[in-house]
Amino acid sequence: MTDNQSRGYRALALAMLLLVYTFNFVDRQIFSILVPAIKADLGLTDTQLGVLGGLAFALLYSTLAIPLAWIADRTSRTWTITISLGVWSGFTALCGWAGNFAQLFGARLGVGVGEAGGVAPSYAVIADTFPPETRARALAVYSLGIPLGSAAGVLLGGYIATTVDWRAAFIVVGLAGVAIAPLFRLLVREPVRDRAIAATEPVRRVFAILARKPSFWLLAFGASASSMLGYGLAFWLPSLLKRSFHLDLQDVSYFYGAILLLGGVPGVLLGGMVGDKFGTKDRAAYARAPAIAFVIAVPLFAAGILSSSVTAAFLFFLVPQALAYVWLAPVITAVQHLVPPHMRATASASFLFINNLIGLGAGSFALGALSDGLTKRLGDEALRYSMLIGLVLYLVAALLMWLAAKPLRKDWVA
């Protein structure tokens, strides 16, 4: 048994990949908790902040993900992840020195450039390292980086911004990520695979395979609809808590950080368990489980958004926050099995291109622009109703995921 196949090594590799992914979301989510301070300091509008939170990051993050994944499939996926971590962390630190919208936009572009090379190769490393019967659970553990990193970004950002300032928060977490990069490369080795096959496979071949599979498009656009709302809620919820519930920055960080941890972590793990338990018997379950979760989440999120009590809002947000993450492991696992193994990083990047360009790129911007449009009529409550209207996106996501279930059985590659 090789090191790449041993149980101990698999646990170590997964732990390091999780750590890197956690930093990925610390660097993303820290921006949301700092929005009120940045807005006051730089005098930005909600629309500008929405651009910085979404489009500025997603523009190059989405477009560079495919070429970087193509390189990773043909060279070293672990080196691609290492370099990407160093680059995005460095640009996160540079956000702390921005003095205006243009400079902050440029730094956020750089964060997106770095993160473009992190996720898709990580999916492929996990798929190459773990056997099929535990793959969804392994991807679920990796996906814990989303709630863990988001919560850490909110809590650390809130604490540092309160005790020092918002600039120090960017600098501290950015430099920490730079320090982790060489440790990752030292501990995680490249999985054994046939790179000779990948080197002779043109990238258009991967696109051609995916283009013919209806399940890919339905899963990708379903995930995009859910991510558009998910990223929008993640970006603007701290501002809602400040404007409509009148919490200070430190209380906002505690409130939202607890929701992300207590709701998000169980939700991600639930998705992995459901995927491995039911998906191995019927591939359709990889799409149907997320669809059901989104439908249940909508009325609960609405109750939390409309609540006038901080305590009631917290309780209402917990369950739908978990349900919002159920899709991650099942859908990501399904995408890994739509192509042969040597194409996995490129296929994942193609999925992420659609998901992030639409979801991450448009989510925070759309809710911010809608909030600006409603402000004249609703004042500080405009953001609350902007988020409420956005819940229709989860219903769209549920429909697309449900439609993906049947063709997924046919499109699956062992």
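A cavity is here a set of grid points where a 1.4 Å probe fits but cannot get out. In this predicted model, a search of the whole structure returned three cavities of 30 Å³ or more. The two described below are the largest cavity, with a volume of about 420 Å³, and the second largest, with about 130 Å³.

The lining of the largest cavity comprises 33 residues. Nearest the centre of this cavity lie Ile146, Ser227, Gly230, Tyr231 and Tyr325. Among the contributing elements, helix H11, which spans residues 214–243, gives the most to this lining, supplying seven residues. Classified by residue type, the lining of the largest cavity contains 24 nonpolar residues, eight polar residues and one charged residue.

For the second largest cavity, the lining consists of Arg28, Gln29, Phe31, Ser32, Gly53, Phe57, Arg108, Tyr231, Ala234, Phe235, Leu360 and Ser364. At least two of the lining residues come from each of helix H1 (7–42), helix H2 (46–74), H11 and helix H16 (344–378). The greatest contribution is that of H1, with four residues. By class, six residues of this lining are nonpolar, four are polar and two are charged.

Tyr231 and H11 recur in the two descriptions. Tyr231 is one of the residues nearest the centre of the largest cavity, and Tyr231 is also listed in the lining of the second largest cavity. H11 is the leading contributor to the lining of the largest cavity, and H11 supplies at least two residues to that of the second largest.

How values were computed. Residues are numbered from 1 along each chain as its sequence is written. This is a predicted model: local features need pLDDT of at least 70, side-chain atom pairs count only at pLDDT 80 or more; totals for chains, interfaces and linings use all residues. Side-chain values use heavy atoms; hydrogens and water are left out. On a 1 Å grid over the protein atoms alone, a cavity is a set of points where a 1.4 Å probe fits but cannot get out, and a pocket is an open set with protein on both sides within 12 Å along at least five of seven lines; lining residues have an atom within 4 Å of a point. Grid points are joined across faces, edges and corners, and a volume is the space filled by probe spheres set on the points. Ala, Val, Leu, Ile, Met, Phe, Trp, Tyr, Cys and Pro count as nonpolar, Asp, Glu, Lys and Arg as charged, and the others, Gly among them, as polar.
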